Structure formats: structure tokens, C-alpha cells
Amino acid sequence: MRFKTLCAVAALVFAPLAQAAFVTLPETRMDAIFSQASFGNRTVDIRFGPVTTIVAPTLLEITSDAEISEIFGLHSGGDNVVNFYFVDKVDACSGFNTLIIGCGEFPGNDFVVESGAAAGTFGAELLAHELAHNLGLPHRDGADFLMNPVLLGGDDLSGAEVNIILGSSLVQFDGNNRRFIQINPVLIVERLQQVPEPSTLALLAAGVLFAGTRPRKSRTFE
Ligand SMILES: [Zn+2]
């Protein structure tokens, strides 16, 4: 088994307070990042599969490397399918614990992000950064670079970095000889479904009652 290390990405500002996790998939922005000039005619299409929802209350807030291992152990799909996990908070990643908003295998096929950060201004850059770790890219310091360890909105990839990406087994070819990466989003939830509150049930009952007492339309015969 290939040894995987973990790589964190941090934010300069504090992420919003914990909230229910949700999925954000900025496909157009990510396609643009993996089709930028340094790719030449070897662009990579980002493709998302259906969202898998997993009930795992203890993994909504990642606070230890053990929980990172646990969540990455939930991997769905083959080895060439990447899993994006969406949680409330990521507060641990291979010894890092300050201002972390995401953590990905380097290389590998799993990463986890805070859903609030993924929905934020630099959400596409966050997801692309972690995906690039999966593809084998290390950090590269510089505000314009996608692989800057702190998320500043840069998305530049060098020709050398593109060559590493294209050498990854995660990059597949479709029937039209087009390069693509298949990604399965995974949403971590506390429970599978919200139970309707009594007031909602009462309204529903009132609605049913109303429908039942509506005057029937008289039928006409010809
Ligand atoms: Zn990173």
C-alpha cells in the first residue's frame, strides 16, 4: 500500500461558526483552473458524481488525525475516483491545527473541507488546492499560486505542476479521448433526515382537513 501523507490548507480569516455541513460544487470554476494556459491542449475536465450522504455525527467536526483516517476510510468508488468530504469543521491535519479549513492526502484520493469555506469566495481554489495534493502536488509559496499553503485566491499552476497532474492515475480518458477526473462528493450529516416539528405537522393536518372539506365540483354530463 502506498504511503500517503496529509497536507493542510489554512485561511487567514476565521471560518464561520459551525453549521450543518452542505455540499458546494463549483464545477465551472474548477474546470477553468484545470484548463488554464499551462495545460495547453491537455486540459482536464472535472466531473462530479451524485452526492453520497453518510450519517457520522462524530465526524462533523474533525479534531484529530484519527478522525481524518476514519473519514478517509469511508471512501466510495474505485481508486481512480476522488472523494470530497464536506463537514462543519476541520481542526486537525497531520499535526497542524491552526486555522485549517481543509486536509487532503498527498498523493491519494480523499480530502475533507469545511463546507462553509467551500461555499466561500475562494471555495473553488480550496477544492482545487486539495485535489491538486491528491494529484501529487506539494505546496509552493506565493500568493498567485494554487498551491500556496494559505488560501489567498491564487490559482496559477506551472508547466512543471501540470506535468505532475497529468501523470496521476486519477486523470482518466473518456471515449472521446478527453482527460477527466471523477469526483464523488460525500456529505457528512448528524442524522439522515429532520423530523418535522409539531407545528409543521399541525399545518399539514390542517391542509389535509381543508382539502377534504372543499366543496366537490359538480359533474356535468353530456
Ligand atoms: Zn495544502
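**Exercise 1.** With 16 C-beta neighbours inside 10 Å, how is T52 to be classed: buried, partly exposed or exposed?

*Solution.* The structure is a predicted model, in which local features need pLDDT of at least 70, side-chain atom pairs count only at pLDDT 80 or more, and totals for chains, interfaces and linings use all residues. Residues are numbered from 1 along each chain as its sequence is written.

Step 1. A residue is buried if 20 or more other C-beta atoms lie within 10 Å of its own, exposed if 12 or fewer, and partly exposed in between, with C-beta atoms placed from the backbone.

Step 2. T52 has 16 such neighbours inside 10 Å and therefore counts as partly exposed.

Step 3. T52 belongs to strand β3 (residues 52–55). Strands (E, at least two residues) and helices (H or I, at least four) are DSSP runs, numbered from the N terminus.

Step 4. Beyond its neighbours within four places in sequence, T52 is in contact with S76, N184 and V186; contact requires C-beta atoms, placed from the backbone, within 7 Å. T52 and V186 are 134 residues apart in sequence, yet their C-alpha atoms are 4.8 Å apart.

**Exercise 2.** Describe the surroundings of strand β5 (residues 81–87).

*Solution.* Step 1. Of the 7 residues of β5, 6 are buried, so the strand is largely enclosed by the rest of the structure.

Step 2. Two strands pair if DSSP finds at least two bridges between them. β5 runs parallel to β10 (residues 179–189), to which 6 bridges join it. F84 has P185 as its bridge partner in β10.

Step 3. β5 is also parallel to β8 (residues 110–114), with 5 bridges between them. Here N83 stands opposite D110.

**Exercise 3.** Which residues touch the most other members of the largest nonpolar core, and how is helix α4 placed in relation to this core?

*Solution.* Step 1. A nonpolar core is a set of buried Ala, Val, Leu, Ile, Met, Phe, Trp, Tyr and Cys residues joined through C-beta atoms within 7 Å. The largest such core has 47 residues, of which F84, V87, V90, V112, V113 and L127 touch the most other members. The largest share of this core, 6 residues, comes from α4.

Step 2. In α4, 12 of the 12 residues are buried. The helix reaches 17 Å from its first C-alpha to its last, close to the 16 Å expected at 1.5 Å a residue; the expected span is 1.5 Å times one less than the number of residues.

Step 3. Outside four places in sequence, L127 is in contact with P26, M30, F84, V113 and A118.

Step 4. After α4 comes G136, whose phi is positive, near 110 degrees.

**Exercise 4.** Which residues of helix α5 (residues 159–166) are buried, and which exposed residues lie on the face turned away from them?

*Solution.* Step 1. The buried residues are E161, V162 and I165. Seen down the axis of α5, they fall within an arc of 100 degrees, so they line one face of the helix; the arc is that of the directions from the helix axis to the C-beta atoms.

Step 2. An α-helix has 3.6 residues a turn, so residues three or four places apart point the same way.

Step 3. G159, A160 and N163 are the exposed residues on the face turned away from the buried side. The buried residues of α5 pack against β2 (44–48) and α4 (123–134).

**Exercise 5.** Examine the unusual backbone geometry.

*Solution.* Step 1. Most residues other than glycine have a negative phi, and most peptide bonds are trans.

Step 2. The peptide bond from F106 to P107 is cis, with omega near -10 degrees. P107 lies in the loop between β7 (100–106) and β8.

Step 3. S94, in the loop between β6 (89–90) and β7, has a positive phi of about 50 degrees. With 15 C-beta neighbours inside 10 Å, S94 counts as partly exposed.

Step 4. N177, in the loop between β9 (172–173) and β10, has a positive phi near 60 degrees. With 6 C-beta neighbours inside 10 Å, N177 counts as exposed.

**Exercise 6.** Identify the regions to be read with caution.

*Solution.* Step 1. pLDDT is the predictor's confidence in each residue, from 0 to 100. The chain averages 85, and 78% of the residues score at least 70.

Step 2. Over residues 204–222 the pLDDT is below 50, and this stretch has 0 contacts beyond near neighbours in sequence. Residues 13–18 also stay under 50, with 8 contacts beyond four places in sequence.

Step 3. Where pLDDT is low, the predicted coordinates should not be read in detail.

Note on methods:
Two residues are in contact if their C-beta atoms, placed from the backbone, lie within 7 Å.
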